[in-house]
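Thank you all for coming; before I say anything, please take a moment to look at the model on the screen, and then we will go through a helix and a few loops together.

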Amino acid sequence: MIPIDPNAFAFDLGRLHHVGVVVADIQGAAAHFAELYGLDIAVGDESEYRCRVDGAEQVTVQRLGLSVQGPPHIELLRAVPGSSVWTVGPALHHLGFVVDDVPTASRELARRGARLWMGGERDGDCPVGTAYHRDAFGLTIELLDAATEHRITTRLFDEAVTV
C-alpha cells in the first residue's frame, strides 16, 4: 500500500455550482428537462464570451440556460457551429465550481495535471472569471468566481424566459 500525504490534498475545489450540458436546441432541451425532470430552466439571450482556447484568442457568441432549482444547477449551453468547445456530446460537458480566486485555483489544477484548456480573457489577462481544465480522463472542470456566478444567475433569473 502506498502512503498518502494529506498535505497533497489540501486544495479546495470550491462549491459545485452546475453540471454543464451542450445541446443543439436549447429551447427544446429546456422543455425536455422541464417535462421529464420537473426542472424550470431560465434561458437567456445570446452574449459574447471572450476567451482563449488552447492559448488562441476567440470570441464566441453563446446562449445558455440555467435551472432555477439548485445549486447545483443544470446548465444548458447551445452548440456553436464550428466551435471546438461548444459541441454536442453524449451527455456531460463539464462540472462548474465556484472558487474564491480563479487564477490561483487554475494554476493549482494545472500543477496537479489538469491542463488549462480555456479561460475567460479580459484586458490581456487569462484566465479571468472562468477557467476550464481537462484532466487525463477527459473530464472538464470549470472554475468560476463569485462575481461571474452572480452575473450569470442575475442575468438569467431576472431577464430570461423560464421554460
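**One helix and some unusual backbone angles**

In helix α1, the residues Ile 26, Ala 29, Ala 30 and Phe 33 are buried, and I should say at once that what we are looking at is a predicted model. Those four residues cover an arc of only 100 degrees around the axis, which puts them on the same side of α1. The general background, for those who are new to this, is that an α-helix has 3.6 residues a turn, so residues three or four places apart point the same way.

What, then, covers the buried residues of α1? The covering elements include β1, at residues 15–23, and β2, at 41–43, together with β5, at 64–67, and β6, at 73–78. If you turn to the face of α1 that points away from its buried side, you will find the exposed residues Glu 35 and Leu 36 there.

We can also check the length of this helix, which runs over residues 26–37: at 1.5 Å a residue, its 12 residues should span 16 Å, and the end C-alpha atoms are indeed 16 Å apart, so the two values agree. At the start of α1, a side-chain oxygen of Asp 25 comes to within 3.3 Å of the backbone nitrogen of Gln 27, while after the helix comes Gly 38, whose phi is positive, near 70 degrees.

Let me now move on to the loops, with one reminder to keep in mind: most residues other than glycine have a negative phi, and most peptide bonds are trans.

Where do we find Asp 54? Asp 54 sits in the loop between β3, residues 47–53, and β4, residues 56–62, and its phi is positive, near 50 degrees, even though the residue is not a glycine. Because its relative accessibility is 51%, and the cut-off for exposed is over 50%, Asp 54 counts as exposed.

Asp 123, which lies in the loop between β8 and β9, likewise has a positive phi, of about 55 degrees, without being a glycine. With a relative accessibility of 76%, Asp 123 counts as exposed.

That loop between β8, residues 115–120, and β9, residues 130–134, also holds Pro 127, and the peptide bond from Cys 126 to Pro 127 is cis, with omega near 5 degrees. Another cis peptide bond joins Gly 70 and Pro 71, where omega is about 5 degrees, and Pro 71 belongs to the loop between β5 and β6.

Key. Residues numbered from 1 in each chain as written. Predicted model: local features only at pLDDT ≥ 70, side-chain atom pairs only at ≥ 80, totals over all residues. Heavy atoms only, no water. Helix = DSSP H or I, 4+ residues; strand = E, 2+ residues; numbered from the N terminus. Expected span 1.5 Å × (residues − 1). Buried < 20%, exposed > 50% of the residue type's maximum accessible area, 1.4 Å probe, protein only. Arc of directions from axis to C-beta. Contact = heavy atoms within 4.5 Å. Polar contact = N/O pair within 3.5 Å; in protein donor to acceptor, adjacent residues only side chain to side chain.
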